[in-house]
Number of protein chains: 4
Amino acid sequence: MTHRIAILGASGYTGAELVRLIASHPSMQIVALSGDRKAGMAMAEVFPFLRHLTLPVLQKIEEIDFSQVDLAFCALPHATSQAVIRELPRDLKIVDLSADFRLRDPAAYQKWYGQPHAALEIQAEAVYGLTEFYRDEIRAARLVAGTGCNAATGQYAIRPLIEAGVIDLDEILIDLKAGVSGAGRSLKENLLHAELSEGTNAYSAGGKHRHLGEFDQEFSAVAGRPVLVQFTPHLVPMNRGILADVYVRGEAAAIHAALQNCYADEPFIHVLPFGALPSSHDVRGSNHVHIGVIGDRIPGRALVVATLDNLCKGSSGQAMQNANLMLGIEESAGLTAAPVFP
Amino acid sequence: MTHRIAILGASGYTGAELVRLIASHPSMQIVALSGDRKAGMAMAEVFPFLRHLTLPVLQKIEEIDFSQVDLAFCALPHATSQAVIRELPRDLKIVDLSADFRLRDPAAYQKWYGQPHAALEIQAEAVYGLTEFYRDEIRAARLVAGTGCNAATGQYAIRPLIEAGVIDLDEILIDLKAGVSGAGRSLKENLLHAELSEGTNAYSAGGKHRHLGEFDQEFSAVAGRPVLVQFTPHLVPMNRGILADVYVRGEAAAIHAALQNCYADEPFIHVLPFGALPSSHDVRGSNHVHIGVIGDRIPGRALVVATLDNLCKGSSGQAMQNANLMLGIEESAGLTAAPVFP
Amino acid sequence: MTHRIAILGASGYTGAELVRLIASHPSMQIVALSGDRKAGMAMAEVFPFLRHLTLPVLQKIEEIDFSQVDLAFCALPHATSQAVIRELPRDLKIVDLSADFRLRDPAAYQKWYGQPHAALEIQAEAVYGLTEFYRDEIRAARLVAGTGCNAATGQYAIRPLIEAGVIDLDEILIDLKAGVSGAGRSLKENLLHAELSEGTNAYSAGGKHRHLGEFDQEFSAVAGRPVLVQFTPHLVPMNRGILADVYVRGEAAAIHAALQNCYADEPFIHVLPFGALPSSHDVRGSNHVHIGVIGDRIPGRALVVATLDNLCKGSSGQAMQNANLMLGIEESAGLTAAPVFP
Amino acid sequence: MTHRIAILGASGYTGAELVRLIASHPSMQIVALSGDRKAGMAMAEVFPFLRHLTLPVLQKIEEIDFSQVDLAFCALPHATSQAVIRELPRDLKIVDLSADFRLRDPAAYQKWYGQPHAALEIQAEAVYGLTEFYRDEIRAARLVAGTGCNAATGQYAIRPLIEAGVIDLDEILIDLKAGVSGAGRSLKENLLHAELSEGTNAYSAGGKHRHLGEFDQEFSAVAGRPVLVQFTPHLVPMNRGILADVYVRGEAAAIHAALQNCYADEPFIHVLPFGALPSSHDVRGSNHVHIGVIGDRIPGRALVVATLDNLCKGSSGQAMQNANLMLGIEESAGLTAAPVFP
């Protein structure tokens with residue numbers, strides 16, 4: 001059986017990554033692609049790397065016949081997404097890759113995104129899309145809200161530690177290094193090759209990055225009490241990849257064991273041998289996560305490092321994994337490709 | 001039916017790329033991996049990006065039981081390859097990725113590689129591995145000699161033009177830009193990040209690059225008379241990819257038509273619309289080739305640009321495509337993944 | 001004596017490079033900086049790498065008192081430049097870095113830039129700024145038109161060969177590799193790090209690049225008859241640098257000798273030993289040009305490779321060298337810094 | 001007056017950087033260059049970017065007549081340095097760039113470098129080379145021990161805070177991002193372009209990096225009691241630059257004030273406006289340090305980010321600054337060049 005797929009917002013990087021993944025998927029077929037400003041164009045014009053595929057021409061969203069669609073991936077910008085999804089058929093399965101349905105608390109949404117939520121009734125049915133921790137809910141969901149790519153990376157390192165009670169909840173610090181594709185295909189001066197290559201810098205530091213809303217929501221829920229983390233993202237001259245250094249207080253061996261226990265049966269999450277730390281090079285282009293743990297010379301302190309590909313496992317790969325669950329098919333379908341190295 | 005595969009020389013980039021491709025292949029199983037200096041190590045130690053796969057431990061070649069192997073990929077260094085292959089069972093199917101069996105004329109081998117060939121009796125049965133032009137011979141072959149990655153790129157642009165008689169055979173110039181992985185994992189000062197990034201330079205210029213031996217052999221065979229080309233390769237700060245600018249004399253429209261005719265039914269070779277030129281970004285990590293043609297302001301001159309991923313279509317992907325033919329399975333098996341962009 | 005300098009268009013890369021060079025100049029002082037859209041901002045906001053310098057705040061051009069200026073560098077976009085320069089005092093020394101005054105023939109300007117020239121009376125007094133070949137004229141000039149960066153690179157390789165009569169004038173082909181800063185700080189999709197890094201492609205191929213107007217004008221003037229070259233520029237993932245491969249017909253030894261003779265006394269132009277070819281890494285950040293020559297295996301053909309830093313010797317460094325001549329000071333003042341490697 | 005300079009170990013990156021800086025120095029002349037394995041070669045062969053300079057041929061150290069040398073920069077590998085310096089004339093001024101004389105406590109040296117110190121009598125006279133904090137001692141010194149490049153970066157952020165008593169001494173965490181040239185020109189697999197570009201990873205994590213010996217020594221001395229910091233360096237795909245994120249406990253405004261007070265008169269250390277954070281792009285190729293401070297959403301926590309060029313201010317620029325002091329000349333001589341951007 002072939003599942004009919006629409007991708008809304010196919011002219012951005014996460015949309016293109018979805019097309020790439022679906023091209024290797026055994027039972028998905030793309031029946032519609034939207035790209036408002038590029039409506040009428042072929043994907044080969046917008047993304048020449050997809051030239052070898054036979055794909056629908058880009059349409060405006062309102063031109064799509066959703067009665068012929070089984071599931072829609074919504075890769076639209078934040079705020080646009082809620083306005084669009086509100087108008088889609090109420091029985092259409094949707095995986096949203098924007099930030100619009102991640103935060104369950106409307107006040108938190110308003111705080112982090114600076115405006116009231118415009119589709120609260122739909123927000124109520126959204127399931128948070130961190131697959132390994134919401135698998136059952138996702139299977140039953142109509143609308144899944146994909147996580148932030150930074151938020152996913154941090155959570156893979158930290159959630160099992162909170163669950164296992166092996167770290168001090170008031171002493172969690174995330175220093176994260178992110179590749180440039182996380183910023184999308186937008187025309188900003190700091191994303192130009194001449195500005196970004198050959199250097200690095202922090203951004204949204206000091207507790208301002210929006211993915212903190214997800215950390216707060218999720219860590220507090222797991223802990224059963226408020227948890228606030230420190231978080232500094234950095235822009236690193238690489239196209240794909242996030243590497244999160246998570247500094248915690250606790251016994252490194254217990255921390256390593258908690259991660260191993262949590263992810264023992266997970267096909268995409270790999271805990272390295274104790275003392276080994278991962279490299280973002282080793283997950284590029286794949287749905288895999290590598291996590292490592294090392295103790296510090298100062299007793300009671302440990303470093304957990306997690307890495308994933310922001311466009312794949314951090315965004316479109318996660319979306320695909322969730323869609324597979326929602327459609328009742330093999331969870332790893334379309335996601336089994338090995339990383340690309342070098 | 002599962003085909004049992006050995007990879008000799010699995011600790012280099014082309015060996016690792018073969019493992020990556022086989023991981024997505026529907027009917028190949030790796031039963032042996034060799035890596036002489038790294039024998040006893042797990043592939044996850046040598047290439048952590050393959051950590052998620054269950055793979056044999058690296059062995060010495062003499063430890064491998066070839067009676068349990070259907071086909072061996074030989075990704076050993078030049079000269080080593082002929083010494084090893086000479087000792088393998090005479091009925092073992094082999095795809096060699098080295099330069100050792102590419103040149104049919106022993107004198108040409110000696111000229112370009114500086115030493116006499118040590119396995120001429122095996123050379124005689126080798127088929128040159130440029131799939132699209134030797135498909136029938138490859139299907140029937142026991143030993144296929146993979147082409148040079150630069151040699152493949154140039155030939156995709158030029159062979160159809162010689163065959164169609166649309167260019168001047170004495171006026172062919174190839175200015176080629178190559179990514180760094182083509183130089184392998186060897187420890188050379190000029191391959192260090194600090195030396196190679198942020199700049200470019202020519203190498204082996206002036207008619208010295210060994211892949212000229214392949215150009216001479218193949219173009220002369222197609223033309224039925226000696227053809228000598230000019231060829232300058234450059235090292236460009238990118239990990240994968242070759243972009244070959246081929247300057248020719250002839251009518252651009254006829255040249256474009258000859259390429260379109262030649263590749264109309266090829267799944268991996270894509271001729272762009274007339275006047276459009278390809279980018280190496282768009283084939284990264286894939287088995288695809290993009291070719292474009294444009295005329296010059298000077299009448300009678302044209303530029304053909306071809307691009308491919310040197311590790312995949314230029315080496316391990318080509319090897320896989322040939323192995324599929326030799327094993328009688330679908331030619332594109334294991335090779336259908338889309339490029340990775342960005 | 002201190003020369004009072006204005007930089008018009010200081011918010012772009014060539015403007016910032018001028019500030020960088022003047023910071024090390026023994027007798028220039030910046031008295032005015034313009035940046036229309038950024039008027040009122042400090043340079044440290046626009047270019048934080050200049051934070052340590054005490055500089056005038058960015059102004060609108062009309063706010064500048066040119067009676068207090070000895071020489072103005074005009075680093076404005078093409079077309080804007082002629083409109084601005086037309087309004088400046090007629091006795092102000094000006095080094096223009098745009099394309100507006102490079103082409104002496106109004107018809108050629110219109111052909112390559114798509115519009116009629118709007119300041120022909122000023123064009124008539126402009127001197128073409130290729131320092132080593134127009135030194136005397138530049139010394140006496142009021143207005144010097146900086147060359148295109150690609151045009152400069154090609155000319156350094158070719159002009160001495162035409163002058164010496166050692167190459168076939170109908171067989172000149174330039175395959176050029178350019179760093180990204182040559183495209184300026186403009187917000188274009190193909191200049192984003194995610195699009196441009198890790199790959200390469202040709203652009204403006206087939207005889208369309210505007211710097212051909214300069215090649216045509218200059219080579220024809222030197223030769224005393226029309227000379228048309230073939231020219232393909234490529235975008236390479238490096239921030240600074242141009243490497244031009246120039247394919248010519250002639251005896252390599254005579255070609256090398258012609259270059260050595262021509263540049264024997266030039267402080268910034270270095271001809272490598274015969275057979276050695278330069279790398280763009282080795283001129284980064286400097287005003288130096290490296291040129292190499294090698295013969296081909298096909299008799300009568302040779303390759304000349306020239307490399308320079310597009311922002312420095314190809315643009316702002318050239319402008320400084322010319323300004324020094326116009327002001328009657330040491331030609332190399334402010335330009336003696338060694339390249340930055342790695 | 002011209003000071004006669006020798007550079008021992010001129011074939012590495014820090015040696016070449018010294019040559020680059022001296023080329024712009026008003027009163028230094030290089031009279032000898034050593035490079036044991038490359039003795040007899042011209043610097044233009046070892047570093048073609050220095051081709052334009054007239055320089056002594058590389059010699060063996062024992063061939064140098066030190067009676068004609070006023071000051072020697074010693075850019076030799078760790079352990080080699082102490083063996084060489086022990087044999088040099090006792091009245092020769094020396095700036096050592098290795099780790100050999102940084103640690104005053106022989107036990108600390110043995111702990112971090114794994115072997116006993118072989119020149120303790122000379123160690124006793126060495127002055128630690130962090131210029132801004134040891135200026136008077138350096139002026140009077142015969143032997144100055146250059147700091148580690150990471151150690152310098154961290155200290156610029158932290159020393160003034162300890163001195164001012166504005167942070168918790170038991171809660172200092174340094175997450176540092178380093179460019180690849182810090183690893184030198186050594187042939188290691190992880191430094192190849194194909195391995196290092198397009199990704200990032202931590203190294204020497206968990207309290208193992210040798211520069212911790214310097215942090216321990218210096219911070220404890222300033223505080224007057226033992227201070228242990230946490231420190232994780234990362235390799236980032238850039239050639240030059242270190243960016244250190246220093247997480248501390250204290251009031252951000254007081255921290256910013258302490259830094260401003262400390263560096264108010266320093267020509268090379270620039271404290272950004274409160275809340276602004278620096279980028280490593282903005283100090284590339286220069287002797288400048290940029291430092292920024294921001295508070296966190298969690299009260300009582302702050303982030304200090306410091307950035308410098310590891311080869312210049314972190315190593316050879318620092319060495320030059322110290323040599324200027326030792327020779328009684330202008331401290332900033334040879335160091336006034338602006339950063340190179342882009």
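This passage describes the sheets, chain contacts, cavities and unusual backbone geometry of a predicted model.

A good place to start is the sheet of chain D. Seven strands make up this open sheet, with parallel pairing and the order β3-β2-β1-β4-β5-β7-β6. At its edges stand β3 (58-59) and β6 (126-128) of chain D, each of which pairs on one side only. Strand β2 (residues 28-34) of chain D runs parallel to β3(D), and 2 bridges join the two. Ser34(D) has Gln59(D) as its bridge partner in β3(D). Helix α1 (residues 13-22) of chain D packs on this sheet, where it touches β1 (3-8), β2 and β4 (71-74) of chain D. The direction of α1 makes about 160° with that of β1(D). Helix α3 (residues 80-87) of chain D, in turn, lies across β1, β4, β5 (93-96) and β7 (143-145) of chain D. The angle between α3 and β5(D) is about 180°.

Chain B also offers a sheet to look at. Here 7 strands form an open sheet with parallel pairing, in the order β3-β2-β1-β4-β5-β7-β6. Because β3 (58-59) and β6 (126-128) of chain B each have a single partner strand, one side of each is left without a neighbour in the sheet. For β6(B), the pairing with strand β7 (residues 143-145) of chain B is parallel and extends over 3 bridges. Within this pairing, Tyr128(B) has Ala145(B) as its bridge partner in β7(B). As a reminder, strands of a sheet pair through backbone hydrogen bonds, either parallel or antiparallel.

Attention now turns to the contacts between chains. The size of an interface is often given as the accessible area lost when the parts come together. Between chain D and chain A, the buried area is about 4,200 Å², with carbon and sulfur atoms giving 50% of it. This contact brings together 51 residues of chain D and 51 residues of chain A. On the chain D side, Glu198(D), Gln230(D) and Arg297(D) supply 19% of the area buried against chain A, more than any other three residues.

Between chain A and chain C, the buried area is about 1,700 Å², and carbon and sulfur atoms give 54% of it. The contact involves 19 residues from chain A and 19 residues from chain C. Leu187(A), Leu192(A) and His193(A) supply 38% of the area that chain A buries against chain C, more than any other three residues.

His193(A) appears again in the analysis of internal space. The model has 10 cavities of 30 Å³ or more, and the largest cavity has a volume of about 200 Å³. This largest cavity is lined by 16 residues, of which the closest to its centre are His193(A), His193(B), Ser197(B), His193(C) and His193(D). By class, its lining has 4 nonpolar, 8 polar and 4 charged residues.

Finally, a few points of backbone geometry deserve a look. Most residues other than glycine have a negative phi, and most peptide bonds are trans. Ser204(A), although not a glycine, has a positive phi of about 45°. Ser204(A) is placed in the loop between β9 (201-202) and α9 (211-223) of chain A. Phe341(A) and Pro342(A) are joined by a cis peptide bond with omega of about -5°, and Pro342(A) sits in the segment after α11 (312-327) of chain A. In chain C, a cis peptide bond links Phe341(C) to Pro342(C), with omega of about -5°. Pro342(C) is found in the segment that follows α11 (312-327) of chain C.

Definitions and conventions: Residues are numbered from 1 along each chain as its sequence is written. Chains are lettered from A and ligands numbered from 1 in the order in which they are written. This is a predicted model: local features need pLDDT of at least 70, side-chain atom pairs count only at pLDDT 80 or more; totals for chains, interfaces and linings use all residues. Side-chain values use heavy atoms; hydrogens and water are left out. Two strands pair if DSSP finds at least two bridges between them. Helices (H or I, at least four residues) and strands (E, at least two) are DSSP runs, numbered from the N terminus. Contact means heavy atoms within 4.5 Å. Axes are lines fitted to C-alpha atoms, for helices over the stretch in contact, and angles run from 0 to 180 degrees between N-to-C directions. On a 1 Å grid over the protein atoms alone, a cavity is a set of points where a 1.4 Å probe fits but cannot get out, and a pocket is an open set with protein on both sides within 12 Å along at least five of seven lines; lining residues have an atom within 4 Å of a point. Grid points are joined across faces, edges and corners, and a volume is the space filled by probe spheres set on the points. Ala, Val, Leu, Ile, Met, Phe, Trp, Tyr, Cys and Pro count as nonpolar, Asp, Glu, Lys and Arg as charged, and the others, Gly among them, as polar. Buried area is the accessible area (1.4 Å probe) that two parts lose on being put together, summed over both.
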